[in-house]
Amino acid sequence: MTPPTARNGDRTRTVAASALDALHFALDRSSPVPLYYQLAQQLESAIEHGALAPGNLLGNEIDLSTRLGLSRPTVRQAIQSLVDKGLLVRRRGVGTQVVHSQVRRPLELSSLYDDLEAAGQGPTTQVVRNERVPAAADVAAGLGIAEGAEVTLLERLRSAHGQPVAFLCNYLPPALLDLDTDRLESTGLYHLMRSAGITLHSARQTIGARAATPEEAALLGEQEGAALLTMQRTAYDDTGRAVEYGTHIYRASRYAFDFQLLVRT
């Protein structure tokens, strides 16, 4: 009878092989770009595009070096660079495992749901609140309405590949559109706006950072005090009307804003 440890090892190698067999690695040995860097970039791309999903096992360094025809130090350096980025983790007796990919979102007026879906991140949404509330001072200022006026409050937990990424808090004029909870859990808010004939034109947005409170840490699966990115946004339609005021928090370990800066001449 095969010992349990051997069966576990065989199962690990089978899963590792199945995860990697579908991938093609184009390593150019004549390139000045180091082989470890080429391998790391291609593994990272596979993780970001879902070809390697969270939980997939890549096997150990010996397996990888044999399969790819690379030296163990080269494979070790590639893996370590992705471990440092939080994309892979080494597990004793198991090998190297995919943890998650960091969401990179363009700094533009777009829906987080749409961006995650386009990136193959498998977005899901849990609606925590969908109700009418009086507008606090900051909400009233953001929407250009009187303090205490009625607004619709949405609180949603957005996940990618089953892992929490962001907690979204949005305020909208109550007569703007019908915000059905089931539809909000199956698509993005901006998609519902566009379907209702609302043309989003521009937004004012502020990005910051702070430490997670105990409640936020529990909600997002982080440690208390972990770094969070924050975003405050007011979006306007093509008539100049404020149609959304949002205050969002994102896990810095899983999320980044990506934008290009141009030199003024």
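**Two helices and a buried aspartate**

In this predicted model, helix α3 and helix α4 touch through residues from both partners. From α3 come E61, I62, L64 and S65. From α4 come R72, V75, R76 and I79. Sorted by character, the residues of this contact are 4 nonpolar, 1 polar and 3 charged.

How are such pairs described? Two packed helices are characterised by the angle between their axes and by the distance between those axes. Here, α3 covers residues 61-68 and α4 covers residues 72-84. Their axes come within 9 Å and cross at roughly 115°. Angles from 65 to 115 degrees count as roughly perpendicular. The two helices, α3 and α4, are therefore roughly perpendicular to each other. The crossing of α3 past α4 is right-handed.

Now look at α3 by itself. Which residues in α3 are buried? They are E61, L64, S65 and L68. Viewed down the axis of α3, the buried residues fall within an arc of 95°, so they line one face of the helix. Just after α3 comes G69, with a positive phi of about 70°.

Next, move along the chain to strand β9. This strand spans residues 227-237, and D237 lies in it. Is D237 buried or exposed? Buried means under 20% relative accessible area. D237 has 5% relative accessibility, so D237 counts as buried. What does D237 touch, leaving out residues up to four places away in sequence? Its contacts are I198, T199, L200, H201 and V243.

Notes
Residues are numbered from 1 along each chain as its sequence is written. This is a predicted model: local features need pLDDT of at least 70, side-chain atom pairs count only at pLDDT 80 or more; totals for chains, interfaces and linings use all residues. Side-chain values use heavy atoms; hydrogens and water are left out. Axes are lines fitted to C-alpha atoms, for helices over the stretch in contact, and angles run from 0 to 180 degrees between N-to-C directions. Helices (H or I, at least four residues) and strands (E, at least two) are DSSP runs, numbered from the N terminus. Angles under 35 degrees count as roughly parallel, over 145 as roughly antiparallel, 65 to 115 as roughly perpendicular and the rest as oblique. A crossing is left-handed if the near helix is turned anticlockwise from the far one by less than a right angle, and right-handed if clockwise. Contact means heavy atoms within 4.5 Å. Ala, Val, Leu, Ile, Met, Phe, Trp, Tyr, Cys and Pro count as nonpolar, Asp, Glu, Lys and Arg as charged, and the others, Gly among them, as polar. Buried means under 20% relative accessible area, exposed over 50%, partly exposed in between (1.4 Å probe, protein chains only). The arc is that of the directions from the helix axis to the C-beta atoms.
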